[in-house]
Amino acid sequence: MYGRWLGLMLVGLLSLWGGLGMAVPAQAASPRYVQAELVSEVRTVQPGTPFWVGLQLQITPGWHVYWQNPGDSGDRVRLNWQLPPGVTAGELQWPYPQRFPVGPLMNFGYENQVLLLSQITPPADLTPGQTLDLRAQASWLVCQEDCIPEATPVTLSLPIASAAQPNPTVTNAFAQVRAQHPQPAPWSVVYGVDGEKLTLSLPVGGVKEAWFFPWADGVITYASPQTLTSRGKVTELTLQRGYQEHLTTVEGVLVLTTQRGTNAYTIQAQPGTLPTSGGMGNLGRILGLGFLGGLVLNVMPCVLPILSLKTLQLADKMRQSPRQVRWGGVSYGAGVLVSFVALAGGLLILRGLGQQLGWGFQLQSPGMVLLLIYVLFGVALNLSGVFQVGTGWLGVGQTLTERPGYLGEFFTGVLATVAATPCTAPFMATAIGAALTLPPGAAMAVFISLGVGFALPYVALCFVPAWRRWLPKPGAWMHTLQRLLAFPLYGAAAWLLWVLTLQTGTDGLAVGLLGLVLLGLAAWVYGQSQAQTAGRRLAIFSTLLILSFCLTLPSWLPSSNAVVYTNTPDTQAASWEPFTPSRLQELRQQGQPVFVNFTAAWCVSCQVNERLVFSQPEVQRAFSERGVTLLKADWTRRNPEITQVLQGFGRSGVPLYVLYPRGNQPPVVWPSRLSPTQVTALLSAQLGG
Amino acid sequence: MARFSWFVPATAAVVIAGATISTLTVNTSATVRVGSPAPNFTAKTSTGQTVNLSDYKGKVVVLEWTNHECPFVVKHYSTGNMQKLQQEAKAKGAVWFSVVSSAPGQQGFVTAEQANAVVKEKKATPTAVLLDPDGTLGKLYGARTTPHMFVIDKAGQLQYMGAIDDDPSLANQNVTKANNYVRAALGQIMAGQKVTTSTTQPYGCSVKYKN
């Protein structure tokens, strides 16, 4: 009560000021009902490495502040950054809100306390030892029955160091609020309209409580009851429609309470009826897609050279006992599966720690790209015959892929998986995208099914001797083919070197090339030592010395992202604008059609489409004739904003092509494999003309 | 006879008001939409008259939900922004009703005399201030905030509903820079054009209805 009167007095004072026509520089009062503070997840900032900070609001009991859509009245919490040059801040991350009835109206917001996270990206050229000063103006409307606008500057000074140090005092708070961030729904939601009723249907059973919080105004009447009906594996939530006459996609946050607790999901409901398959059926479909994706991965250009060699050696292995061949196949399969599990585990753990990552994340780190270049180059040198691997003079002529023994088979599996990572096969994108929204156990199952699909063709060849009869007879030609197959690998290494250049500039390229020269030297020294018996120890010693020096090279890489991804010369550079969520929103508000190309330099299929489709004059013309603004979302380096948009479409990797038609029509996702004629056909179907 | 002349219209008004209120209660579930007929209403003004929306067919009508103690309303009155818009609308021949739906005891509630005093003090020029202490009119239109604006065309169709402009802040200096949706809608309606931005999310204090 006391608070309310104070509030009234403040409002009265404000109106008095206003009434007297005095210049009031900032109409918002300094905080009285809310204490605001900036907290950081790191104690020290590492130059170039993004980190999370949070705006912590302590709210007087009985009062509340507002969510991104405040409901019938109110205004969201705002944070206006004043950052040092080169520092950028991501959008605020909103935990799901609570409902606050106000008479016949309804508001969405938070009481007692709330933590709103934002990701800060510092530039790479910060000097360790100095401090990074973050400043922002935080403002909010705090309400009980009456509302008080408040504002305050918030600051945070963090020491800059060569490594980021976590801040253990906020670990719990950050983890708690992240658990309340809505995740993209792993199932699709549909809606139906019946008069003034809007019903959302979702393939989830056992829902005890459900609330829908729309992003846009006028979709539903906020204060009306939300009626929950459960029919086995299907849940329906019936809402009262709002003033919007035509609904397209119904978007917002759905908060579900089941036996396992309360979870929030972002949904994009399309009009329609629910397919009959339930939640598990959906998982089955995702597992199936993963398996198919794994199968297709075998013929991707990064993997094919290694696997075709391996397959040909199988023919050679006719003389081995069937049992040996079978166990060899099993070892290879184990190598593949262990690598997939390790990769998936790493990805899931990092995501659990709140990193915005997706498939291909390994390639967003220049250090990893450099190591992959070394691996591919090393294997290629081996195929070229510069050196042999294995049992030395006993096994002269052996190559890495035909290394005898089950351990060798196992590492071929690992190598194949590592080489496969840059290639995203069709089906895989959908499966992995869906997997990352599932609980960790189910997500792991999807990765394992991918691995099974990937390993299966070779393992099956090992197990069914009859199939091996189809393989060509071994002979001297295999030696030639081996030399020849080194070149796709050189090509892959060269391509990754280009990716590295885009990520780190010419300095990074210099480091990479230096590494390749040294690696060549090491391979040659080692190869020489294999040809003679004298001086072997010295040769191995110097090889190891050079190799360990090569391994330190990634730390020399300039970690700057000062290099802006420029379009390849054959694309008309002017036609693509860089993507930001705000630019997209702006264009959509102007009612313009927008095409967004989610791409990355390290994504092969993206590059193929850029060259063969998007840079074609007829495709460019088809876009410009219809007034489509082209936005390029470059995911070559980590970018949480793009990751979030990808997640919104249930994806966690590139390529993704989305056409946002004119007006408020829902976005359309295009296939990942495109041809120029297909693009023109899609454009005329979706935009006319 | 003199008594009768007072009694008949008064009885008629009570009957009409009663009938309207009963229809209103039935209508509250229907959502008001742009492009549909604006629901008819009868309301009492602060000068003691009774107005009926259907009497204004052929004129453009602006409904402005207000609460003189709400800081967002204060922003538009202390800067003269709302008064200017009222003058412009009336110069174009539009009718302007300021509606007060604050319940007794709530922020912004005014008696007829207080309402007139506020109008005088602010140098406001609405056609009339409509007193809606039981919130019937507010709920009929789904009025949620102060200010919340509605523009009805000459045929009685609702053509605009939502915020007054695109700046939900409390910064006085922004009112002239903001894109005023009501001014734009009035201009387009008067010119016989379709209103480009016909619905927006209103901002401001919640309407202080009876709890």
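**Figure 1. Salt bridges and polar contacts between chain B and chain A.** In this predicted model, three salt bridges (a side-chain nitrogen of Lys or Arg within 4 Å of a carboxyl oxygen of Asp or Glu) cross the interface of chain B and chain A. The side chains of Asp217(A) and Arg144(B) form a salt bridge, with an N to O distance of 2.6 Å. Between the two chains, 10 residue pairs, both residues at pLDDT 80 or more, are in polar contact; the term denotes a pair of N or O atoms within 3.5 Å, of which, within protein, one must be able to donate a hydrogen and the other to accept it, and residues adjacent in sequence count only if both atoms are side-chain atoms. Helix 2 (71-78) and strand 9 (205-206) of chain B each contribute at least two residues to the side of chain B that touches chain A. Helix 2 of chain B gives the most to that side, with four residues. Helices (H or I, at least four residues) and strands (E, at least two) are DSSP runs, numbered from the N terminus.

Residues are numbered from 1 along each chain as its sequence is written, and chains are lettered from A and ligands numbered from 1 in the order in which they are written. Because the model is predicted, local features need pLDDT of at least 70 and side-chain atom pairs count only at pLDDT 80 or more, while totals for chains, interfaces and linings use all residues; side-chain values use heavy atoms, with hydrogens and water left out.

**Figure 2. Extent of the interface.** Contact (heavy atoms within 4.5 Å) links 35 residues of chain B with 37 residues of chain A. Chain B and chain A bury about 2,600 Å² between them, 51% of it on carbon and sulfur atoms; buried area is the accessible area (1.4 Å probe) that two parts lose on being put together, summed over both. Arg33(B), Arg144(B) and Gln201(B) supply 24% of the area that chain B buries against chain A, more than any other three residues.

**Figure 3. Helix 13 of chain A.** In helix 13 (residues 581-589) of chain A, the buried residues (under 20% relative accessible area, 1.4 Å probe, protein chains only) are Pro581(A), Leu584(A), Leu587(A) and Arg588(A). Seen down the helix axis, these residues fall within an arc of 130°, so they line one face of the helix; the arc is that of the directions from the helix axis to the C-beta atoms.

**Figure 4. A cis peptide bond in chain B.** Thr146(B) and Pro147(B) are joined by a cis peptide bond, with omega about -5°. Pro147(B) lies in the loop between strand 6 (145-146) and strand 7 (148-152) of chain B.

Definitions and conventions:
Buried means under 20% relative accessible area, exposed over 50%, partly exposed in between (1.4 Å probe, protein chains only).
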